[in-house]
Amino acid sequence: MSEEVTPVIPHHTLTGPDDAPVLVLGNALGTTTELWREFALPFRLLRFDHRGHGGSAPVDGPCSIETLASDVVELLDHLELRQVHYCGVSLGGMVGMWLAAHTDRISRLALVCTAAWYPDKSGWDERISTLRSFGMEPLADTIVSRWFTPAFAPAVVAHFRSELLKVDVPSYLACAEAIRDMDLRPDLAKIDVPTVVIAAAQDHATPPEFARHIADDLPDSDLYIVGDAAHLAVVEAPRTISVILDGHFGTD
């Protein structure tokens with residue numbers, strides 16, 4: 001476990017039938033549990049907020065993917081959940097990869113619009129520099145434009161922009177630096193649980209080739225590419241992704 005920051009129990013909700021398998025849902029950077037509001041999967045859904053997002057306390061120092069994953073372990077221990085299914089989007093997917101590679105708490109895994117490594121870190125460097133100097137407002141439109149396709153529902157886009165502006169900026173910065181500095185490629189071969197990898201054809205933040213690289217290096221995986229969606233494909237194409245997830249997690 002990383003010594004950078006002590007693990008904390010993140011803000012969370014646990015809903016659904018008591019006797020159903022637990023499916024943990026991990027959010028993208030800059031989003032909250034609202035990311036999953038259109039999902040009605042037949043599981044006991046455990047939603048949580050990353051540090052400084054939604055109802056979770058801000059980061060009190062630098063963190064890594066390991067630190068954020070350790071928060072999830074802390075949450076599972078708190079709820080006395082020995083093993084769970086896990087689905088993560090973007091940053092949530094990175095956390096899921098670490099958990100599946102380094103713990104035995106994940107029984108099945110889904111990775112949506114995510115990356116194991118960023119070969120070009122200049123975009124993250126520029127975003128981090130702007131955030132440090134000017135805050136979130138100057139970047140909000142650019143970030144949100146990568147989340148959704150241009151024609152997607154303006155009211156929904158505006159809602160997610162509003163949620164982004166509520167995120168604690170130092171916490172966002174710490175998470176952004178964790179993403180920039182991560183390299184989960186050596187961990188992929190350690191993931192021995194059934195995994196589904198989902199990409200979006202119009203995702204410019206984590207393009208489909210990122211998903212192909214992940215799927216190719218996993219011992220047991222299936223790859224799907226969703227057509228009319230960008231980075232937050234779980235918002236733009238919830239029915240399509242729900243069917244994929246239901247088929248994956250509903251298989252014994």
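The following legends describe an overall view and several close-up views of one predicted protein model.

**Figure 1. Overall view of the predicted protein chain and its secondary structure.** This is a predicted model in which local features need pLDDT of at least 70 and side-chain atom pairs count only at pLDDT 80 or more, while totals for chains, interfaces and linings use all residues. Residues are numbered from 1 along each chain as its sequence is written, and side-chain values use heavy atoms, with hydrogens and water left out. The protein chain contains 10 helices and seven strands, where helices (H or I, at least four residues) and strands (E, at least two) are DSSP runs numbered from the N terminus. Its C-alpha trace spans about 50 × 40 × 35 Å along the principal axes. The radius of gyration, taken over C-alpha atoms, is 17 Å, which agrees with the value near 18 Å that a compact globule of 252 residues would have (the globule rule is 2.2 Å times the number of residues to the power 0.38).

**Figure 2. Surface, burial and charge of the protein chain.** Of the 252 residues, 57% are buried; buried means under 20% relative accessible area, exposed over 50%, and partly exposed in between, with a 1.4 Å probe and protein chains only. The accessible surface comes to about 10,600 Å², and 50% of this belongs to carbon and sulfur atoms, the areas being computed by the Shrake-Rupley method with a 1.4 Å probe. Among contacts (heavy atoms within 4.5 Å) with a separation of 6 or more, 74% are between residues 24 or more positions apart. There are 18 positive and 36 negative side chains, and the centres of the two sets lie 2 Å apart; Lys and Arg count as positive and Asp and Glu as negative, whereas His and the chain ends are not counted. The place of each charge is taken as NZ of Lys, CZ of Arg, CG of Asp or CD of Glu.

**Figure 3. Close-up of glutamate 80 and serine 90, two residues with positive phi.** Most residues other than glycine have a negative phi. Glutamate 80, however, has a phi near 55 degrees, and it is found in the loop between helix 1 (65-78) and strand 4 (84-89). Serine 90 likewise has a phi near 55 degrees, and its place is the loop between strand 4 and helix 2 (91-102). Glutamate 80 counts as exposed because its relative accessibility is 73%, whereas serine 90, at 7%, is buried.

**Figure 4. Close-up of the salt bridge between aspartate 71 and arginine 51.** A salt bridge is a side-chain nitrogen of Lys or Arg within 4 Å of a carboxyl oxygen of Asp or Glu, and by this rule the count comes to 13. One of them joins the side chains of aspartate 71 and arginine 51, with an N to O distance of 2.5 Å. This pair links distant parts of the chain, since aspartate 71 belongs to helix 1 and arginine 51 to the loop between strand 3 (44-48) and helix 1, with their positions 20 residues apart. Aspartate 71 is buried, with a relative accessible area of 4%, and arginine 51 also counts as buried, at 3%.

**Figure 5. Close-up of salt bridges at arginine 180 and at aspartate 187.** The closest N and O atoms of arginine 180 and aspartate 181 are 2.9 Å apart, and these two residues are linked with Asp125 in a network of salt bridges. Arginine 180 is buried, with a relative accessible area of 18%, while aspartate 181, at 51%, counts as exposed. Aspartate 187 forms a salt bridge with lysine 190, where the closest N and O atoms are 3.4 Å apart. In this pair aspartate 187 is buried, at 9% relative accessible area, and lysine 190 is partly exposed, at 45%.

**Figure 6. Close-up of threonine 31 and threonine 103, each in a loop.** Threonine 31 lies in the loop between strand 2 (22-26) and strand 3, and it is buried, with a relative accessible area of 1%. Leaving aside neighbours within four places in sequence, threonine 31 is in contact with His53, Trp147 and Leu232. Threonine 103 lies in the loop between helix 2 and strand 5 (106-112), and it is partly exposed, with a relative accessible area of 22%. Not counting residues up to four places away in sequence, threonine 103 touches Val73 and Trp98.
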